[in-house]
Amino acid sequence: MDLKLVRIENPDERNLILGQSHFIKTVEDVHEALVNTVPGIEFGLAFCEASMSRLIRHAGTNEKLEALAVKNAEAIGAGHAFILFLKDAFPINVMGAIQRVPEVCRIFCATANPVQVVVCETDQGRGILGVVDGGSPLGVEGPDEVAARKKLLRTFGYKA
């Protein structure tokens, strides 16, 4: 068994969702969930099929993001993994819809931070063990940071 660290390429620091699913119709069902949740959403999605043809299936509403998703899916190369890049939308806007897709088994991360994927490779194939999402904490928030956090959430419109 070999462990590999795959850095997600995300040159525009887009929000991304990395997950695991179990069936070829993931691509179409996630696509439908996204466009039905956020009208006009721009995204790119790629899914690593784990049996039969073992192709990287893909879909999206933005060709550049779709190509980026395919490139990262190729680098990860883990069966049943999917990666989704969003433009002008946040994971919080679509996570519920994605998690309700029957094929989706888990979400490893939803972030715009730098991401490293810990991949295990065996003679059978590859699997995702986990992710490194962003950096380690540098301290504990104090009263000023609490106030700034609350202000930011209200600026984004997530809190009244």
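**Exercise 1.** Is N15 buried or exposed? Place the residue in the fold of this predicted model.

*Solution.* Step 1: find the element. N15 belongs to strand β2.
Step 2: apply the cut-off. Buried means under 20% relative accessible area. With a relative accessibility of 15%, N15 counts as buried.
Step 3: list the surroundings. Leaving out residues up to four places away in sequence, N15 touches L84, F85, L86, A89, F90, P91, T111 and A112.
Step 4: check a long-range distance. Y158 is 143 residues from N15 along the chain, and their C-alpha atoms are separated by 17 Å.

**Exercise 2.** In what order do the 5 strands of the open sheet lie, and which strands stand at its edges?

*Solution.* Step 1: read the order. The 5 strands run β4-β3-β5-β2-β6, with antiparallel pairing.
Step 2: find the edges. β4 (56–60) and β6 each have a single partner strand, so one side of each is left without a neighbour in the sheet.
Step 3: give the twist. On average, neighbouring strands of this sheet are turned by 15° against each other, direction ignored.
Step 4: take one pair in detail. β3 and β5 run antiparallel and are joined by 6 bridges. E42 has K87 in β5 as its bridge partner.

**Exercise 3.** Describe the helices that pack around this sheet.

*Solution.* Step 1: take α2. This helix lies across β2, β3, β4 and β5, and runs at about 25° to β3.
Step 2: take α3. Helix α3 (residues 91–99) packs on the sheet and touches β2, β5 and β6, its direction making about 170° with that of β6.
Step 3: take α1. The buried residues of α1 are T26, V27, D29, V30, A33 and L34. They pack against β2, β3, β4, β5, α3 and β6.
Step 4: test the length of α1. Helix α1 (residues 26–37) has 12 residues, which should span 16 Å at 1.5 Å a residue; the end C-alpha atoms are 16 Å apart, which agrees.

**Exercise 4.** Which residues of α2 are buried, and what stands at the two ends of the helix?

*Solution.* Step 1: give the extent. From first C-alpha to last, the 14 residues of α2 reach 20 Å, close to the 20 Å expected at 1.5 Å a residue.
Step 2: list the buried positions. They are L65, E66, L68, A69, V70, N72, A73 and I76.
Step 3: relate the spacing to helix geometry. An α-helix has 3.6 residues a turn, so residues three or four places apart point the same way.
Step 4: inspect the ends. At the N-terminal end, N62 acts as a cap, with a side-chain oxygen 3.0 Å from the backbone nitrogen of K64. After α2 comes G77, with a positive phi near 60°.

**Exercise 5.** What does the side chain of N72 reach, and what does the residue touch?

*Solution.* Step 1: locate N72. The residue lies in helix α2 (residues 63–76).
Step 2: assess burial. N72 counts as buried because its relative accessibility is 2%, where the cut-off is under 20%.
Step 3: find the polar partner. The side chain of N72 reaches the backbone nitrogen of E9 at 2.7 Å.
Step 4: add the contacts. Not counting residues up to four places away in sequence, N72 touches R7, I8, E9, I83 and F85.

**Exercise 6.** Which residues touch the most other members of the largest nonpolar core, and which element gives the most to this core?

*Solution.* Step 1: name the residues. The core has 22 residues, of which I8, L18, I76, I83, F85, V117 and I128 touch the most other members.
Step 2: name the elements. β2 (15–21), β3 (42–48), α2, β5 (81–87), β6 (104–111) and β7 give two or more residues to this core.
Step 3: rank them. α2 gives the most to this core, with 6 residues.
Step 4: follow one member. Leaving aside neighbours within four places in sequence, I128 is in contact with L18, I76, A78, A81, F108, V117 and V118.
Step 5: separate the other core. Apart from the largest core lies another of 20 residues, including V27, L34, V94 and A97.

**Exercise 7.** In what order do the strands of the open sheet of 3 strands lie?

*Solution.* Step 1: the order is β1-β7-β8, with antiparallel pairing.
Step 2: β1 (2–7) and β8 (126–133) stand at the edges with a single partner strand each, so one side of each is left without a neighbour in the sheet.
Step 3: neighbouring strands of this sheet are turned by 25° against each other on average, direction ignored.
Step 4: β7 (residues 115–121) pairs with β8 in the antiparallel sense over 7 bridges. V117 stands opposite V131 in β8.

Notes. Residues numbered from 1 in each chain as written. Predicted model: local features only at pLDDT ≥ 70, side-chain atom pairs only at ≥ 80, totals over all residues. Heavy atoms only, no water. Helix = DSSP H or I, 4+ residues; strand = E, 2+ residues; numbered from the N terminus. Buried < 20%, exposed > 50% of the residue type's maximum accessible area, 1.4 Å probe, protein only. Polar contact = N/O pair within 3.5 Å; in protein donor to acceptor, adjacent residues only side chain to side chain. Contact = heavy atoms within 4.5 Å. Pairing = 2+ DSSP bridges. Axes fitted to C-alpha atoms, helices over the stretch in contact; angles between N-to-C directions. Core = buried A, V, L, I, M, F, W, Y, C linked by side-chain atoms within 4.5 Å. Expected span 1.5 Å × (residues − 1).
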